[in-house]
Amino acid sequence: MIKEIESRRSIRKFGSREVPDEILEQIAMAGLYAPSAKNRQPWKFIIASGNAKRNALEAMERGLEREKREPFLPGSAANIADAEHTLNAMRQAAALIFVVNTLGIGFARTPTADECVYEICNAQSIGAAVQNMSLAATELGLGSLWICNTFFAQCELNNWLNTDGELFAALAVGYAAETPPPRPRKPISETVEWRK
C-alpha cells in the first residue's frame with residue numbers, strides 16, 4: 001500500500017473508457033473500511049454515472065452560475081475559476097462518488113461546542129474514507145480527484161442528492177489521461193517534531 005500512497009496523484013484529465021460497476025463498488029468498499037470516531041461511520045457514498053452524472057453536473061453548473069450572482073461563499077470568490085476547472089475534470093471522469101456526512105448539521109445554524117467537536121470527528125472520519133477510496137482507485141489502475149469545490153454548489157447538489165445529511169466532498173474516478181509529476185511536499189524536518 002505504500003506504493004499507492006507514493007504514486008497517487010490528483011487527476012484532472014480522464015479518458016473516455018467506462019469503469020465497471022464492480023470496480024466502483026470495490027472503491028466504495030474501501031471507504032467503508034476507513035476508521036471513524038466512535039465508530040459512527042458518518043458517511044454515505046452516492047455513485048453517479050451516466051444520466052445521474054449528467055444531472056449532478058448540471059446541478060454543479062447551476063451552483064457556480066448562482067455563486068457568481070449571489071455568493072454563498074463570498075470570501076472564496078477568487079476560487080470560482082478553479083471550481084470551473086474542477087467541473088471540467090468532473091465532466092471527463094467516468095463516475096462521481098458524492099460523499100455525504102449523514103450526521104452533519106449543515107450550514108443552517110450555528111453549532112454548539114459539542115456539535116463542533118462532532119463535526120471535526122466526522123470530518124476526520126470522512127477524510128479517511130475518501131483517502132481510502134482514492135488509494136483503492138490507484139491500486140485498481142484508476143485515477144481520482146478529491147473534490148471540495150462542490151461547496152460552491154452546496155444547495156444545488158444537496159437538492160439533487162435528495163438524501164439525509166450534508167454533502168462533504170466528491171471523488172471523480174476514471175482512467176487517467178495524464179501522468180502528473182508529484183507535487184512538492186514540505187520536508188519532514190519542517191513537519192515532524194520529535195519529543196521524547
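The sheet of this predicted model is open and has four strands in the order 1-2-4-3, paired in the antiparallel sense; strands and helices here are DSSP runs numbered from the N terminus, strands being E with at least two residues and helices H or I with at least four, and two strands pair if DSSP finds at least two bridges between them. Strand 1 (43–48) and strand 3 (143–147) are the edge strands, each of which pairs on one side only. On average, neighbouring strands of this sheet are turned by 20° against each other, with direction ignored; the axes behind such angles are lines fitted to C-alpha atoms, for helices over the stretch in contact, and angles between N-to-C directions run from 0 to 180 degrees.

Residues are numbered from 1 along each chain as its sequence is written, and side-chain values use heavy atoms, with hydrogens and water left out. Because the model is predicted, local features need pLDDT of at least 70 and side-chain atom pairs count only at pLDDT 80 or more, whereas totals for chains, interfaces and linings use all residues.

**Strand 2 and its partners**

Strand 2 (residues 95–101) pairs with strand 1 in the antiparallel sense over six bridges, and Phe98 of strand 2 is the bridge partner of Ile46. Seven bridges join strand 2 to strand 4, again running antiparallel, and here Ala95 has Val173 of strand 4 as its bridge partner. Seven of the seven residues of strand 2 are buried, so the strand is largely enclosed by the rest of the structure; buried means under 20% relative accessible area, exposed over 50%, and partly exposed in between, with a 1.4 Å probe and protein chains only. Ala95, Ile97, Val99 and Asn101 point one way from strand 2, while Leu96, Phe98 and Val100 point the other way, and all are buried.

**Helices across the sheet**

Helix 5 (residues 113–139) lies across strand 1, strand 2, strand 3 and strand 4 (166–174), running at about 160° to strand 2, where contact means heavy atoms within 4.5 Å. Helix 6 (residues 154–161) lies across strand 1, strand 2 and strand 4, and runs at about 80° to strand 4. With its 27 residues, helix 5 reaches 39 Å from its first C-alpha to its last, close to the 39 Å expected at 1.5 Å a residue, the expected span being 1.5 Å times one less than the number of residues. After helix 5 comes Gly141, whose phi is positive, near 85°.

**Positive phi outside glycine**

Two residues in loops are set out below.

| Residue | Phi | Place | Relative accessibility |
|---|---|---|---|
| Gln41 | about 45° | loop between helix 2 (21–32) and strand 1 | 37%, partly exposed |
| Asn162 | near 50° | loop between helix 6 and strand 4 | 67%, exposed |

**Aromatic rings**

A search of the whole structure finds two aromatic pairs. In one of them the rings of Trp43 and Phe45 have their centres 6.3 Å apart and their planes at 15°, so this pair is stacked; rings of Phe, Tyr and Trp (its six-membered ring) pair if their centres lie within 6.5 Å, and planes under 30 degrees apart count as stacked, over 60 as edge-to-face and the rest as tilted. Trp43 is buried at a relative accessible area of 7%, and Phe45 is buried at 15%. Elsewhere, Arg17 lies over the face of Tyr175, at 3.7 Å from the ring centre, and a charge sits over a ring if NZ of Lys or CZ of Arg is within 6 Å of the ring centre and within 35 degrees of the ring normal.
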